[in-house]
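New to this one? Let's go through it in a few quick questions and answers.

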Amino acid sequence: MARNRKDRDSWGEWSFSDKTVYDWSSEEEEPDGRARPVQVLVVKDDHTFELDEVALSRILLSEEVRDREVVAISVAGAFRKGKSFLMDFMLRYMYNHASEDWLGDSEEPLTGFSWRGGSERETTGIQIWSEVFLVDKPDGRKVAVLLMDTQGTFDSQSTLRDSATVFALSTMISSMQVYNISQNVQEDDLQHLQLFTEYGRLAMEETFLKPFQSMIFLVRDWSFPYEFSYGQEGGMQFLEKRLKISENQHEELQNVRKHIHSCFTNISCFLMPHPGLKVATNPHFDGRIKEIDGEFIDNLEILVPWLLSPRNLDVKEINGSNITCRGLVEYFKAYIKIYQGEELPHPKSMLQATAEANNLAAVAAAKDLYNKKMEVVCGGDRPFLAPSELQARHSNIREEALQVFRGVKKMGGEEFSRRYLQQLEGEIDEVFVQYIKHNDSKNIFHAARTPATLFVVIFVMYVAAGITGFVGVDIIASVCNMILGLALITLCTWAYIRYSGEYRELGAVIDQVAGALWDQGSTNEALYKLYNVAANHKHLYHHAFPGPQVGEEEHDSKRD
């Protein structure tokens with residue numbers, strides 16, 4: 001159910017002030033069509049995590065974006081350090097980036113992701129903005145930009161595992177991770193990256209490619225501009241010093257520093273000034289630019305375009321392949337599975353999950369191609385297609401889909417991918433059966449197949465009985481009359497089933513028998529198929545025509 005809130009955040013995480021903020025999940029549709037934050041990773045009271053697949057799919061699998069390459073931008077870091085506050089300025093830029101004055105009116109409250117001032121956390125789990133932005137890259141590609149806000153780490157209600165899990169998931173999913181840090185880069189900030197450097201080492205042994213893309217250290221409330229100036233240039237000088245290896249460091253910290261550059265394609269740092277005392281101390285601050293320190297605004301106007309300008313957007317890559325929104329859904333599902341245990345997963349488990357999602361994304365892409373092309377051939381209101389032509393088209397499209405799967409760079413090796421190829425083949429064959437039924441339903445003669453067949457049987461038996469009775473072969477005439485009567489009863493039964501909707505299984509058997517007589521070229525084949533149908537559905541005849549079967553069986557055995 002949608003709920004209103006009327007509170008706000010410091011640097012913080014805001015609530016639409018005099019507007020309305022909704023908590024929207026898969027259990028309800030958007031109340032009015034406006035974009036809003038959507039909770040996709042839910043943290044439960046028992047500290048377990050649940051992925052809202054319906055809400056996630058509604059956003060990422062919409063027609064406009066599902067096949068677009070995706071840029072996933074996440075902001076992560078300690079709680080109450082202004083992550084959502086920053087995300088809302090990023091939203092403002094995405095909506096107004098065509099204008100040089102993208103910050104807008106200085107009197108306009110800051111809206112978007114929920115934020116408020118104070119010492120208590122606001123965001124939980126992972127939220128994504130319900131509108132995925134389509135942006136034209138300089139090379140002409142149109143990419144989908146997804147903005148993710150994450151729960152702050154190390155608040156009073158979260159365990160160490162909770163904090164590490166949210167940080168890990170956002171880093172694994174995003175192509176650009178903004179690591180939001182207050183005042184300085186401490187040793188414990190770098191320790192968060194230890195899990196990823198070990199994962200990266202294992203991944204590079206298999207793929208020889210860097211597993212992660214952009215890591216941006218955003219140092220907020222930087223108080224030493226006389227040592228390193230605000231902005232990217234001062235930030236890079238500062239980061240270089242922080243990542244320098246010295247002999248008196250612990251071996252773990254040395255290893256993090258050694259591997260961090262080899263795990264991330266791009267590492268950068270930006271130093272931001274404090275936004276001012278009004279922001280930090282005014283409980284009624286609602287994000288109006290006029291109340292924010294001018295130096296902060298000047299650097300904000302540099303930071304946000306530097307992060308979000310089309311030329312700087314990094315498309316999500318895994319194993320050298322660009323990921324679409326459809327593929328990102330599979331990675332979300334795979335990663336959440338390995339973080340469901342009591343402890344953080346081993347880097348090998350993370351690698352296995354990545355390989356699994358990699359193959360499942362390839363299966364989804366191939367199956368989607370098959371469905372799209374088959375819809376053009378025989379879907380919807382397309383006219384009836386000859387079965388032989390449908391089979392030929394299916395074979396060609398099926399092979400195209402399999403080639404799409406084989407053409408995707410996949411992790412896990414050939415043996416690991418083979419079972420996903422078999423899964424794809426099975427799913428395509430299952431879908432083809434549905435297309436056959438859909439195509440047959442368009443054939444007007446197919447609908448009349450059963451009554452027409454039964455009428456032919458009745459007519460033939462009527463003529464045969466008349467002829468054989470006329471020439472004096474009474475036994476054959478009696479058999480023909482019996483078959484005629486049985487066909488007539490069957491026809492009436494079939495008509496009743498179609499009219500009433502009862503005994504549908506028996507109706508399906510009658511259709512199968514009629515189909516056997518209609519389709520088979522020779523009498524022997526027809527009789528063989530009739531025998532198989534009867535044997536497989538004997539219980540239906542017993543149900544429809546009950547009788548003293550046991551006594552008959554004993555009588556038959558005595559006679560033998």
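Q: Is Tyr 462 buried or exposed?
A: Keep in mind that this is a predicted model. Tyr 462 is found in helix 15. Its relative accessible area is 59%, and a residue counts as exposed when that value is over 50%. So Tyr 462 is exposed.

Q: Which helix gives the most to the nonpolar patch?
A: Let's start with who is in the patch: Tyr 462 is one of its residues, alongside others including Val 456, Phe 459, Ile 467 and Ile 476. Together the patch residues have about 1000 Å² of accessible area on the surface. Seven residues of the patch come from a single helix, and that top contributor is helix 15 (residues 449-470).

Q: How much space lies in the largest cavity?
A: Now for the cavities. Searching the whole structure turns up three cavities of 30 Å³ or more. For the largest cavity, the space comes to about 50 Å³.

Q: How many nonpolar residues does the lining of the largest cavity have, by class?
A: The lining is made up of Leu 41, Leu 51, Ile 126, Leu 169, Ile 173, Phe 332 and Ile 336. Helix 3 (160-173) and helix 10 (325-338) each supply at least two of the lining residues. Leu, Ile and Phe count as nonpolar. With no polar and no charged residues in the lining, the nonpolar count is seven.

Q: What is the phi of Gln 183?
A: You'll find Gln 183 in the loop between strand 7 (176-182) and helix 4 (187-191). Gln 183 is partly exposed, with a relative accessible area of 46%. Although this residue is not a glycine, its phi is positive, at about 70 degrees.

Q: Is Asp 221 buried or exposed?
A: Asp 221 sits in the loop between strand 8 (212-220) and helix 6 (232-242). Here too phi is positive in a residue other than glycine, near 55 degrees. The relative accessibility of Asp 221 is 13%, and the cut-off for buried is under 20%. Asp 221 therefore counts as buried.

Q: How far apart in space are Gln 352 and Ala 334, C-alpha to C-alpha?
A: Gln 352 belongs to helix 11 (residues 347-378). At 44% relative accessible area, Gln 352 is partly exposed. Along the sequence, Gln 352 and Ala 334 are 18 residues apart. In space, their C-alpha to C-alpha distance is 9.2 Å.

Definitions and conventions
Residues numbered from 1 in each chain as written. Predicted model: local features only at pLDDT ≥ 70, side-chain atom pairs only at ≥ 80, totals over all residues. Heavy atoms only, no water. Patch = residues over 30% accessible without salt bridge, like charges linked within 9 Å, V, L, I, M, F, W, Y side chains within 5 Å. Areas by Shrake-Rupley, 256 points an atom, 1.4 Å probe, with all protein chains shown as cover. Salt bridge = Lys/Arg side-chain N within 4 Å of Asp/Glu carboxyl O. Helix = DSSP H or I, 4+ residues; strand = E, 2+ residues; numbered from the N terminus. Buried < 20%, exposed > 50% of the residue type's maximum accessible area, 1.4 Å probe, protein only. 1 Å grid on protein atoms, 1.4 Å probe; cavity = no way out; pocket = protein on both sides within 12 Å on 5 of 7 lines; lining within 4 Å. Points joined across faces, edges and corners; volume = space filled by probe spheres on them.
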